[in-house]
Amino acid sequence: MTRKFTLGTIALAAITGTSMGALIQTEVDTTPTGAEGLGASYFGAGTGFGGTVGNGSITLDSDGTNLYVSFNFGNALNDIVAVWLDTRAGGFTDATMSDTNDDSRRVLTELSLSTDDAFDPAFLPDFGFVMGNFGNVLFELNGDASIPFIDFEGDLSTPTRGYTIPLASIGLAAGDALNFMVGYSSGGGYLSNESIPAYEPLQANGNPGFGDGQFGGTVGSPGIGNYNRFVTVPTPGASALLGLAGIAAIRRRRA
């Protein structure tokens, strides 16, 4: 297995001076090779749709070219897993997106259909991908009525689903960091209370459903208020300098 190390968020904040918001877990890739199924794992919470995400985990790995994603489902994949990626300055929220042209786009831009689901103010995603029984699909997010398709991969393997994403396609280079969160929703916009990372207001109130308070959730939706971070492996020359002093030089594309 590739070697990783976890850096506490307080220590990273002290080194970088970056505001963490509701950042829960940071993992730093320290090895130059990457592969699906290896790397740093992040775990979920909630069982509203049977625990597919809530009892599952997502694992990230990288090399100088690609991000490798593996999802270990906690139950059958009957709906749509959505992963939002914050990789550069700016970005979008549920309140600024609305693409209902198909189920995948609806999940990424609407979450629960009838309300604006809150994100942490420090988390503004730029890209998103979905995993369903149709495969994996990557999009670039925007505030228009249609978000552009970037890539499709037809991996339908279970219980572990893999996805290889070129770093350049999501605005990253080797050594850059990405923030992410994971949700689970029906294609029609009925949101589960499952998420990665855990978010107590979401898990405590049942499924938000459509966000209208009619189907077991609270009125509206608490959104997914926490997120995680993964720092991709630097180039070989930079990797030799990696350490606590070197982490300050890890690029995070924040203007």
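**Figure 1. Surroundings of phenylalanine 119 in the predicted model.** Phenylalanine 119 has a relative accessible area of 11% and is therefore buried, since residues under 20% are classed in this way. The structure shown here and in the views that follow is a predicted model. Phenylalanine 119 belongs to the loop between H2 and E7. Leaving aside residues up to four places away in sequence, phenylalanine 119 touches Phe92, Thr93, Asp94, Leu111, Pro125, Met181 and Ile224. For one of these contacts, threonine 93, the position along the chain is 26 residues from phenylalanine 119, yet the two C-alpha atoms are separated by 6.7 Å.

**Figure 2. Helix H2 and the elements that cover it.** Helix H2 spans residues 103-110. This helix is mostly covered, with seven of its eight residues buried. The buried residues of H2 are Ser104, Arg105, Arg106, Val107, Leu108, Thr109 and Glu110. Among the elements that cover these buried residues are E6, E7, E8, E11 and strand E9, which runs over residues 149-153.

**Figure 3. A salt bridge within helix H2.** The side chains of arginine 106 and aspartate 103 form a salt bridge with an N to O distance of 2.8 Å. Both residues lie in helix H2, and because they are three residues apart, about one helical turn separates them. An α-helix has 3.6 residues a turn, so residues three or four places apart point the same way. The two partners differ in their exposure to the surroundings: arginine 106 is buried, at a relative accessible area of 15%, whereas aspartate 103 is partly exposed, at 39%.

**Figure 4. The salt-bridge network around arginine 88.** Arg88, Asp126 and Glu140 are joined into one network by salt bridges that share partners. In one of these salt bridges, arginine 88 pairs with aspartate 126, and their closest N and O atoms are 3.9 Å apart. Arginine 88 is found in the loop between E6 and helix H2, and aspartate 126 in the loop between H2 and strand E7 (127-132), so this pair ties together parts of the chain that are 38 residues apart in sequence. Arginine 88 also forms a salt bridge with glutamate 140, where the closest N and O atoms are 2.6 Å apart. This second pair likewise links distant parts of the chain, as glutamate 140 sits in strand E8 (residues 135-140) and arginine 88 in the loop between E6 and H2, 52 residues apart. Aspartate 126 is buried, with a relative accessible area of 2%. Arginine 88 is partly exposed, at 28% relative accessible area, and glutamate 140 also counts as partly exposed, at 27%. The search of the whole structure finds five salt bridges.

**Figure 5. The largest cavity and its lining.** One cavity of 30 Å³ or more is counted in the model. The space in the largest cavity is about 40 Å³. Strands E4 (57-62), E5 (66-72), E6 (80-86) and E11 (177-185) are the elements that each give two or more residues to the lining of this cavity. The lining residues are Ile58, Leu60, Leu67, Val69, Val83, Leu85, Phe129, Leu178 and Phe180. By class, the lining consists of nine nonpolar residues, with no polar and no charged ones.

**Figure 6. The chain as a whole and the confidence of the prediction.** The protein chain contains five helices and 13 strands. Of its 255 residues, 53% are buried. Among contacts with a separation of 6 or more, 67% are between residues 24 or more positions apart. The average pLDDT of the chain is 85, and 82% of the residues score at least 70. Residues 1-21 have a pLDDT below 50, and in the model this stretch has 47 contacts beyond near neighbours in sequence. Residues 244-255 also stay under a pLDDT of 50, and for them the model has 36 contacts beyond four places in sequence.

Conventions:
Residues are numbered from 1 along each chain as its sequence is written. This is a predicted model: local features need pLDDT of at least 70, side-chain atom pairs count only at pLDDT 80 or more; totals for chains, interfaces and linings use all residues. Side-chain values use heavy atoms; hydrogens and water are left out. On a 1 Å grid over the protein atoms alone, a cavity is a set of points where a 1.4 Å probe fits but cannot get out, and a pocket is an open set with protein on both sides within 12 Å along at least five of seven lines; lining residues have an atom within 4 Å of a point. Grid points are joined across faces, edges and corners, and a volume is the space filled by probe spheres set on the points. Helices (H or I, at least four residues) and strands (E, at least two) are DSSP runs, numbered from the N terminus. Ala, Val, Leu, Ile, Met, Phe, Trp, Tyr, Cys and Pro count as nonpolar, Asp, Glu, Lys and Arg as charged, and the others, Gly among them, as polar. pLDDT is the predictor's confidence in each residue, from 0 to 100. Contact means heavy atoms within 4.5 Å. A salt bridge is a side-chain nitrogen of Lys or Arg within 4 Å of a carboxyl oxygen of Asp or Glu. Buried means under 20% relative accessible area, exposed over 50%, partly exposed in between (1.4 Å probe, protein chains only).
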